[in-house]
Amino acid sequence: MVKKKGKAIIVGGSIAGVSCAHTLTLAGWDVLVLEKSSEPPARSPTGAGLGLDPQARQIIKSWLPNPHLLDQITLPLSIDQNQETESEKKVTRVLTRDESFDFRAAYWSDIHGLLYNALPETIFLWGHKFLSFTQDESIVKVKTLVMETQETIEIQGDLLVAADGCLSLIRKTFLPDLKLRYSGYCAWRGIFDFSENENSETVTGIKKEYPDLGKCLYFDLGKQTHSVFYELLNKKINWIWYVNQPEPELRNKSVTLKVSQEMMSKMHQEVDTIWIPELARVMKETTDPFLNVIYDCDPLERIFWGNVVLVGDAAHPTTPHGLRSTNMSVLDAEVLGKCLEKCGPENVSLGLEEYQRIRLPVVCEQVLYSRRLGRIKQGLDHDGIRSAGFGLEQRNIPFFSSAPLV
Ligand SMILES: Cc1cc2nc3c(=O)[nH]c(=O)nc-3n(C[C@H](O)[C@H](O)[C@H](O)COP(=O)(O)OP(=O)(O)OC[C@H]3O[C@@H](n4cnc5c(N)ncnc54)[C@H](O)[C@@H]3O)c2cc1C
């Protein structure tokens, strides 16, 4: 007898969605991905850099027909360094330095492209906006708006995977009162491209002050503020600068804010008062910096209901200080796929229960640690920067070297 294949509908075609498309396909499921964006992202203007940990890299490689491509599109981050900036004197002092760090830096769009291109195009429905769903026994029916024709269609499956990001509409169905927690700060972000002016004063200056650029994840801590930067492939520097401020109003349901000329001029003035001139210049000479509002969410008590399951930022919105978001999405997908494979499509809820049992304790601790790290670095934690037993280094993050798999 031919074994029945399960059909999974994944909402969201970003990192968590494409990762789940890999693992569910490998687990023997038919997969359909609904994504509201009209086409696959190329060099997305909102995308920048991210750090991949060894475990996530190994997992990604196991999904790919050409695993070596992951090394080709990433640069090593083998040092994790925290340093203090004394703004008045414009000097820096090393606080911590971990030389056994083993991350790799990548562009969001390169990682997304690598994962997406290794999947059949036919499983993706771009320009399809998820509207609502109903659950009936083991069937889930999903209503979707086809953006081009404005027609509403219904798709039926055995499993609904919510990979629709930190503002998840699917999560809202189960947790209508859940609110994201504004961190107290926003992040200026940008990519400084020095591919055509490698010998400029700005580039020689930053390389002199930060000689390990190209292999180091630098954190600079000022008074009630901090920044992070590292080099990306093709002569670019990815930087993020966290600024304490009241919560801005979100427009278009996006955590990325549109930046006016006035905001940019103010930012340019402020960088000079805080950072050493070499770093300030990189920030000021970056074209099209953007502003992210930083949220997270108190850990959820559950991440599945019947045959609907949350993954990625939908399951655990987090602040970026632990470099977790993408790594957590990859781990979620891997564990979900393996649990469903083990239990088979006829026992979806058993598989989802195991997924929740494995992932929930890990992501809860990581979200809370990342929150605390951010608050300490932004001077918002009353215990202050040197609170006992709390390390600034990335290696202190719970489950840092390996999170449990199936
Ligand atoms: C364009 C883009 C660029 C990014 N760049 C970076 C980066 O440079 N560095 C970094 O660390 N992180 C970046 N991220 C975030 C990072 O990918 C995520 O935080 C993390 O990997 C978790 O991913 P996710 O798939 O859970 O959520 P997200 O990446 O937020 O993806 C959610 C997806 O769901 C889709 N979606 C939402 N609602 C609906 C709906 N109703 N119907 C259909 N689709 C829907 C969204 O369009 C989006 O593609 C970026 C995300 C995006 C979307």
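**Exercise 1. Find the residue of S11 that stands opposite Val146, and place this pair in its hairpin.**

Step 1. Val146 faces Glu151 of S11. Strands here, like helices, are DSSP runs, numbered from the N terminus: E over at least two residues for a strand, H or I over at least four for a helix.

Step 2. The pair belongs to S10 (residues 139-146) and S11 (residues 151-157), which are joined in the antiparallel sense by 7 bridges. Pairing requires that DSSP finds at least two bridges between two strands. Thr144 is opposite Ile153 in S11.

Step 3. Between S10 and S11 the hairpin has 4 residues, and in its turn Gln150 shows a positive phi of about 60°.

The coordinates are a predicted model, in which local features need pLDDT of at least 70 and side-chain atom pairs count only at pLDDT 80 or more, while totals for chains, interfaces and linings use all residues. Residues are numbered from 1 along each chain as its sequence is written, and side-chain values use heavy atoms, with hydrogens and water left out.

**Exercise 2. Determine the strand order of the sheet that holds S9, S10 and S11, and identify its edges.**

Step 1. S9 and S10 run antiparallel and are joined by 8 bridges. Ser132 is opposite Lys143 in S10, and His128 has Val146 of S10 as its bridge partner.

Step 2. The hairpin of S9 and S10 has 2 residues between the strands, and Glu137 takes a positive phi near 50° there.

Step 3. The order is therefore S9-S10-S11, an open sheet of 3 strands with antiparallel pairing. S9 (128-136) and S11 are the edges; each has a single partner strand, so one side of each lacks a neighbour in the sheet.

Step 4. On average, neighbouring strands of this sheet are turned by 25° against each other, direction ignored. Axes are lines fitted to C-alpha atoms, for helices over the stretch in contact; angles run from 0 to 180 degrees between N-to-C directions.

**Exercise 3. Describe the open sheet of 8 strands and the helix that packs on it.**

Step 1. The strand order is S6-S5-S14-S15-S16-S13-S18-S17, and the pairing is mixed. The edges are S6 (91-98) and S17 (256-257), each of which pairs on one side only.

Step 2. Within the sheet, S14 (residues 216-222) and S15 (residues 225-232) are antiparallel over 5 bridges. Leu221 is opposite His226 in S15.

Step 3. Helix H7 (residues 261-274) packs on the sheet and touches S5 (79-86), S13 (181-193), S15, S16 (236-244) and S18 (290-296). The direction of H7 makes about 90° with that of S16.

**Exercise 4. State the bounds of the two domains and how many residues of each are in contact.**

Step 1. The domain assignment, an automatic or database one, gives domain 1 as 7-51 + 110-179 + 298-384 and domain 2 as 71-107 + 183-296.

Step 2. Their C-alpha centres lie 28 Å apart.

Step 3. Contact means heavy atoms within 4.5 Å. By that criterion 28 residues of domain 1 are in contact with 32 residues of domain 2.

**Exercise 5. Characterise the largest cavity by volume and lining.**

Step 1. A cavity is a set of points, on a 1 Å grid over the protein atoms alone, where a 1.4 Å probe fits but cannot get out; lining residues have an atom within 4 Å of a point. Grid points are joined across faces, edges and corners, and a volume is the space filled by probe spheres set on the points.

Step 2. The structure holds 2 cavities of 30 Å³ or more, and the largest has about 50 Å³ of space.

Step 3. The lining includes Asp53, Arg324, Met328, Arg359 and Phe399. Helix H9 (325-343) and helix H10 (348-377) each supply at least two lining residues.

Note on methods: 1 Å grid on protein atoms, 1.4 Å probe; cavity = no way out; pocket = protein on both sides within 12 Å on 5 of 7 lines; lining within 4 Å.
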